[in-house]
Amino acid sequence: MRYLVQVISGAPDPAKVSHEQIQQTMQAYDVYTKALANAGVLVAAEALHPADTATTVRGVDGDAQVQDGPYADTKEALATLFLIDVPDLDAALDWAKRCPGASYAAVEVRAAASSFIDGAWRR
C-alpha cells in the first residue's frame with residue numbers, strides 16, 4: 001500500500017540555524033532517503049521550495065483563477081514529501097519515525113486511496 005510521508009515545517013530562521021546545522025540536516029535526509037531506496041519502498045521523494053514561492057490555482061464560480069502565493073497563509077507548510085510503498089500503516093509509521101523531520105517538525109502519514117499505475121487508476 002502506498003503512503004505519503006509529509007514533513008510539515010516552517011522555513012528555518014537564518015539567524016537561529018547555522019550553515020553546519022543545515023548541512024547536518026541535509027546529510028540526515030540523504031541517509032534516510034538512501035535507506036528507503038535500499039529497502040525497496042521508495043516511490044518518490046521531493047524537497048519543496050518555501051511556501052511563499054507557490055502559485056495557487058483556485059476554482060471560483062466555475063473558473064480557474066491563478067493567485068500568487070500559497071493556498072493558505074500559515075507559519076508551517078509542506079516542506080518535504082516521500083511516497084513509499086509498504087505493507088501497512090505500522091510499516092509507514094516506522095519509516096515516518098525514522099525521518100529526520102520527526103526531530104523538529106510534524107510528520108504526517110496518509111494512505112493513498114488509489115494510485116495511477118500503467119495508465120489506469122487502481123485501489
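Both Tyr32 and Trp95 are buried, and they make a good starting point for a tour of this predicted model. Ring pairs join these two residues with Tyr29 and Phe82 in a cluster. From there we can look at the core, then at Thr80, and finally at a hairpin.

**Aromatic pairs**

- There are four aromatic pairs in the structure.
- One of them is Tyr29 with Phe82: the ring centres are 6.3 Å apart and the planes are at 5 degrees, so this pair is stacked.
- Because Tyr29 lies in helix α1 and Phe82 in strand β5, the pair ties together parts that are 53 residues apart in sequence.
- Tyr29 has a relative accessible area of 13% and is buried; Phe82, at 2% relative accessibility, counts as buried too.
- For Tyr32 and Trp95 the ring centres are 6.2 Å apart and the planes are at 65 degrees, so this pair is edge-to-face.
- Since Tyr32 sits in helix α1 and Trp95 in helix α2, their pair ties together parts that are 63 residues apart in sequence.

**The nonpolar core**

- The largest nonpolar core contains 16 residues, and those with the most contacts inside it are Tyr32, Leu36, Phe82, Ile84, Val86 and Trp95.
- At least two residues of this core come from each of β1 (2-9), α1 (19-38), β5 and α2 (89-98).
- Helix α2 gives the largest share of the core, four residues.
- Which residues does Trp95 touch, not counting residues up to four places away in sequence? They are Tyr32, Ala35, Leu36, Ala39, Val41, Ile84 and Val86.

**Thr80 in strand β5**

- Thr80 belongs to strand β5, which covers residues 77-85.
- Is Thr80 buried or exposed? At 13% relative accessibility, Thr80 is buried, because the cut-off for that class is under 20%.
- Setting aside neighbours within four places in sequence, Thr80 is in contact with Val5, Gln6, Val7, Tyr29, Glu46 and Ala47.
- Tyr29 thus appears twice in this briefing: among the contacts of Thr80 and as the stacked partner of Phe82.

**The hairpin of β3 and β4**

- Strands β3 (residues 55-60) and β4 (residues 63-68) run antiparallel and are joined by six bridges.
- Thr55 has Asp68 in β4 as its bridge partner.
- Two residues lie between the strands of this hairpin, where Asp61 takes a positive phi near 55 degrees.

Terms used
Residues are numbered from 1 along each chain as its sequence is written. This is a predicted model: local features need pLDDT of at least 70, side-chain atom pairs count only at pLDDT 80 or more; totals for chains, interfaces and linings use all residues. Side-chain values use heavy atoms; hydrogens and water are left out. Buried means under 20% relative accessible area, exposed over 50%, partly exposed in between (1.4 Å probe, protein chains only). Contact means heavy atoms within 4.5 Å. Two strands pair if DSSP finds at least two bridges between them. A nonpolar core is a set of buried Ala, Val, Leu, Ile, Met, Phe, Trp, Tyr and Cys residues joined through side-chain atoms within 4.5 Å. Rings of Phe, Tyr and Trp (its six-membered ring) pair if their centres lie within 6.5 Å; planes under 30 degrees apart count as stacked, over 60 as edge-to-face and the rest as tilted.
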